[in-house]
Amino acid sequence: MSQKVYDIITSKIVEKLEQGTIPWRKPWGSNPAVNWVTQKPYKGINQMLLEPGEYATFKQINEAGGRVNKGAKSHIITFWKLMETKELDDEGKPVKVPLLRYYNVFDIKDTTLEYKRTPKERDNNYLEEAEAIVKRYNNAPLIENGGDRAFYRPSQDLVVVPHIKDFNSPEEYYSTLFHELVHSTGHPSRLDREGITGTIKFGSAKYSREDLIAEVGASMLCGHSGFVQKTLD
């Protein structure tokens, strides 16, 4: 059972990386994933596996008088604890072994129930110098704000980043936006860079080189905007 859980979680993390998301480097998200019943945030790796929102098991939803919408997909969360066995150690104490299980939960928005909390927003404002750089991008890609992911999609020439108020700071918003905009410079209509236009295998040297280009480019643009020291890490 434990190995199956490890494989599932590893696959989920790799999937997020392949989508362009580094799940442990995420400067946005003021609304963590919580259990709908207890309103307590999920811990550890579960915060990587779930988008912000409120979740509950099928049983919890039924017990609350709700139902899951037709076609809704469940999400995986893990639970582990140390369990005592009948075996004793050298000191005569029960040997403890880790127990790892996984459960399926549903986002409450995919049920007939309603969220219990109102999402929080940070009081972030647009930064003049950084905004000017974005507006001076000739032949720019389409930019959309929303969701919980940041990525560039070459097939649509589309940059998507969360709303600025979802970020830890306005500087982090622009650092993320700049990263994706630098990726977009590789589009066939611009620099036609192989890291964007070619068939790139995740984790390959070409994939890494393209991400390095985006990181260095974003850092330079943050420098031009006057706040690189706040985002350089």
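Helix α4 (residues 128-135) has three residues to look for on its inner side: Ala 130, Ile 133 and Val 134 are its buried residues. Seen down the axis of α4, these buried residues fall within an arc of 100°, so they line one face of the helix. Keep in mind as you browse that this is a predicted model.

**Around helix α4**
- The cover over the buried residues of α4 includes strand β5, helix α5 (170-184) and helix α7.
- On the face turned away from the buried side of α4, you will find the exposed residues Glu 128 and Lys 135.

**Strand β7 and its partners**
- Strand β7 (residues 158-161) is covered on both faces, with Leu 158 and Val 160 buried on one side and Val 159 and Val 161 buried on the other.
- In a regular strand, side chains alternate between the two faces of the sheet.
- Strand β5 (residues 142-145) pairs with β7 in the parallel sense over 4 bridges, and Ile 143 has Val 159 of β7 as its bridge partner.
- Strand β6 (residues 151-153) runs antiparallel to β7 and is joined to it by 3 bridges; here Phe 151 is partnered with Val 160 of β7.
- The hairpin of β6 and β7 has 4 residues between the strands, and Asp 157 takes a positive phi near 50° there.

**The surface of helix α7**
- Met 220 is part of helix α7 (residues 205-225).
- With a relative accessibility of 54%, above the 50% cut-off, Met 220 counts as exposed.
- Together with Leu 212 and Val 216, Met 220 makes a nonpolar surface patch of about 300 Å².

How values were computed:
Residues are numbered from 1 along each chain as its sequence is written. This is a predicted model: local features need pLDDT of at least 70, side-chain atom pairs count only at pLDDT 80 or more; totals for chains, interfaces and linings use all residues. Side-chain values use heavy atoms; hydrogens and water are left out. Patches are made of residues with over 30% relative accessible area and no salt bridge: like charges are joined within 9 Å, nonpolar side chains (Val, Leu, Ile, Met, Phe, Trp, Tyr) within 5 Å. Accessible areas come from the Shrake-Rupley method with a 1.4 Å probe; for residues, only the protein chains shown count as cover. A salt bridge is a side-chain nitrogen of Lys or Arg within 4 Å of a carboxyl oxygen of Asp or Glu. Helices (H or I, at least four residues) and strands (E, at least two) are DSSP runs, numbered from the N terminus. Buried means under 20% relative accessible area, exposed over 50%, partly exposed in between (1.4 Å probe, protein chains only). Two strands pair if DSSP finds at least two bridges between them. The arc is that of the directions from the helix axis to the C-beta atoms. Contact means heavy atoms within 4.5 Å.
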